[in-house]
Amino acid sequence: MKKLAILGATGSIGSSTLAVYAENIETMSLTLLSAWRNVDKMVELCRLHQVPFAFMSCPSANTQLKQQLQQDVTQVLVDQAEFEACIAGVEVDAVMAAIVGAAGLAPTLAAVNAGKQVFLANKEALVMSGALFMDAAQRSGAQVLPVDSEHNAIFQCLPPECQGAIGHCNLKQSGISQLILTGSGGPFLTTPVSEFKHLTPAQAVNHPNWSMGPKISVDSATMMNKGLEYIEAKRLFNTEKSDIQVLIHPQSVIHSMVQYIDGSVLAQMGLPDMRTPIAHVMQYPERIQSGVAPLDFTQISQLTFAAPDFERYPCLKLAIEACYAGQGATTLLNAANEIAVEAFLQHKIRFDQIASISADVLSMFANSQASSIEEVMALDGLARNKALSLVATRVRQA
Ligand code: NAD
Ligand code: MG
């Protein structure tokens with residue numbers, strides 16, 4: 001029995017993971033659940049699955065959880081240190097890293113440093129810490145398996161020697177000419193750019209194909225999500241600039257592709273449902289049930305493709321530039337974007353200001369570097385403070 005921890009259990013990926021777990025209950029046992037502050041949901045999940053350990057990162061929520069689960073089998077961990085120790089301990093074999101944003105870095109790194117199997121959905125953790133994350137995995141022997149649908153698709157299309165060397169693979173040596181990262185273009189693919197100033201959070205989170213949490217939904221609308229994924233791909237698959245291409249594919253049937261030097265292109269396809277990549281990693285290399293319906297090709301009228309338009313998606317351009325500017329830039333970009341997206345969701349700034357705030361923070365600290373996790377955290381804090389002050393200025397100007 002694989003002992004599984006789900007970090008971010010109350011979210012969209014957390015729920016999909018629990019659904020795949022429910023399909024495969026005879027091969028896995030849930031030993032740890034974590035979330036931010038939805039106490040009622042956590043109480044329900046802990047009781048339903050009789051989970052041995054639980055933790056909520058919001059201290060008042062954690063206290064409430066402890067009170068409510070007093071008579072239950074679940075032990076509520078007291079603080080972040082005990083939470084990370086549990087992740088690293090004998091109760092856990094594999095960790096679904098599905099906290100949203102930078103908050104996921106410390107617990108995910110705890111799993112990586114302890115040599116656990118890590119199912120990586122929390123792309124922000126990798127974007128902000130990059131090579132430090134992958135080097136830590138190499139040192140500890142942790143197996144990092146990509147859950148993000150594009151990276152999971154690429155992983156599935158890679159030869160075994162690359163699958164076994166995530167973070168340090170040699171694409172050229174395996175005859176790979178390019179990774180093709182597909183993205184739907186989000187809800188504003190055909191909206192006139194002149195209307196971007198007036199777009200609302202409700203419109204932005206209304207993704208045409210995928211059902212996801214609010215932050216990644218906004219990131220998909222700006223295509224910052226594809227930008228973060230571009231950086232994620234560089235880290236996971238050790239790419240150089242010419243190794244990777246972004247392609248708009250509005251139907252989200254092909255989840256990404258790998259092109260080989262002989263002209264062959266391998267694609268992974270399926271319905272846009274995260275239970276498929278989640279099931280793929282959970283007992284990799286064995287295939288298990290996901291609960292996802294088979295793809296019915298007779299229902300697909302067309303598959304279309306286009307190059308991304310950087311005027312429409314300035315965040316994508318910013319992220320690709322940051323990817324080659326070094327670790328400091330990707331840490332800054334991730335932090336500034338998180339603050340800007342949150343401010344947009346709270347109706348404090350306009351949709352188009354997500355890109356301008358991120359760009360301003362990047363240019364203010366253009367030469368920053370981060371060569372340790374401490375430096376990453378310091379830079380992350382600096383970028384957040386700057387982004388918050390820019391949000392306040394934009395609010396005053398409005
Ligand atoms: P979500 O908002 O639905 O869920 C986020 C989870 O993280 C919740 O359980 C929440 O309680 C927890 N959380 C939030 N803030 C926290 C904090 N400060 N400390 C601790 N826990 C906190 O998000 P989601 O859509 O499930 O996305 C989770 C991660 O997976 C993100 O990094 C996202 O980019 C990635 N991802 C999501 C999808 C998708 O389809 N939803 C696809 C690919 C990758
Ligand atoms: Mg994705």
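This is a conversation about helix contacts, a cavity and a pocket in a predicted model.

Student: What makes α11 roughly antiparallel to α14?

Tutor: Helix α11, residues 224-237, and helix α14, residues 327-345, have axes that come within 12 Å and cross at roughly 150°. Angles over 145 degrees count as roughly antiparallel, and therefore α11 is called roughly antiparallel to α14.

Student: Which residues make that contact, and is the crossing left-handed or right-handed?

Tutor: On the side of α11 the contact is made by Met224, Leu228, Ile231 and Arg235, and on the side of α14 by Gln327, Thr330, Leu333, Asn334 and Asn337. The crossing of α11 and α14 is left-handed, and the residues of this contact divide into four nonpolar, four polar and one charged.

Student: How do you know that one residue in the contact of α11 with α14 is charged?

Tutor: Asp, Glu, Lys and Arg count as charged, and Arg235 of α11 is among the residues that make the contact, so Arg235 is counted as charged.

Student: Why is α15 called oblique to α16?

Tutor: Helix α15, residues 353-364, packs against helix α16, residues 373-397, at an angle of about 135°, with their axes 10 Å apart. Angles over 145 degrees count as roughly antiparallel and 65 to 115 as roughly perpendicular, while the rest, outside the roughly parallel range under 35 degrees, count as oblique. An angle of about 135° falls in none of those named ranges, and so α15 is oblique to α16.

Student: Which residues meet there, and how do they divide by class?

Tutor: From α15 come Gln353, Ser356, Ile357, Asp360, Val361 and Met364, and they meet Ala383, Lys386, Ala387, Leu390, Val391 and Arg394 in α16. By class, this contact has seven nonpolar, two polar and three charged residues, and the crossing of α15 and α16 is right-handed.

Student: What makes three of those residues charged?

Tutor: Asp, Lys and Arg are among the kinds that count as charged, and therefore Asp360 of α15 is counted as charged, together with Lys386 and Arg394 of α16.

Student: Where do α4 and α5 touch?

Tutor: The axes of α4, residues 80-88, and α5, residues 105-113, come within 8 Å and cross at roughly 35°. The contact is made by Gln80, Phe83, Glu84, Ile87 and Ala88 of α4 and by Ala106, Pro107, Ala110 and Ala111 of α5, and these residues divide into seven nonpolar, one polar and one charged. The crossing of α4 and α5 is right-handed.

Student: Why is the space lined by Ser149 and Trp210 called a cavity?

Tutor: A cavity is a set of points where a 1.4 Å probe fits but cannot get out, and this space is called a cavity because it meets that condition. A search of the whole structure finds one cavity of 30 Å³ or more, and about 40 Å³ of space lies in the largest cavity. Its lining also includes His255, Gln268, Met269 and Asp273, and β11 and α12 each supply at least two residues of that lining.

Student: How many residues line the second largest pocket, and which helix gives the most?

Tutor: The second largest pocket has a volume of about 210 Å³, and of the 13 residues that line it, the closest to its centre are Ala142, Gln143, Gly164, Ala165 and Ile166. Helix α6 gives the most to this lining, with three residues, and the lining divides into seven nonpolar, six polar and no charged residues.

Notes:
Residues numbered from 1 in each chain as written. Chains lettered and ligands numbered in written order. Predicted model: local features only at pLDDT ≥ 70, side-chain atom pairs only at ≥ 80, totals over all residues. Heavy atoms only, no water. Axes fitted to C-alpha atoms, helices over the stretch in contact; angles between N-to-C directions. Helix = DSSP H or I, 4+ residues; strand = E, 2+ residues; numbered from the N terminus. Left-handed = near helix turned anticlockwise from the far one by under 90°. Contact = heavy atoms within 4.5 Å. 1 Å grid on protein atoms, 1.4 Å probe; cavity = no way out; pocket = protein on both sides within 12 Å on 5 of 7 lines; lining within 4 Å. Points joined across faces, edges and corners; volume = space filled by probe spheres on them.
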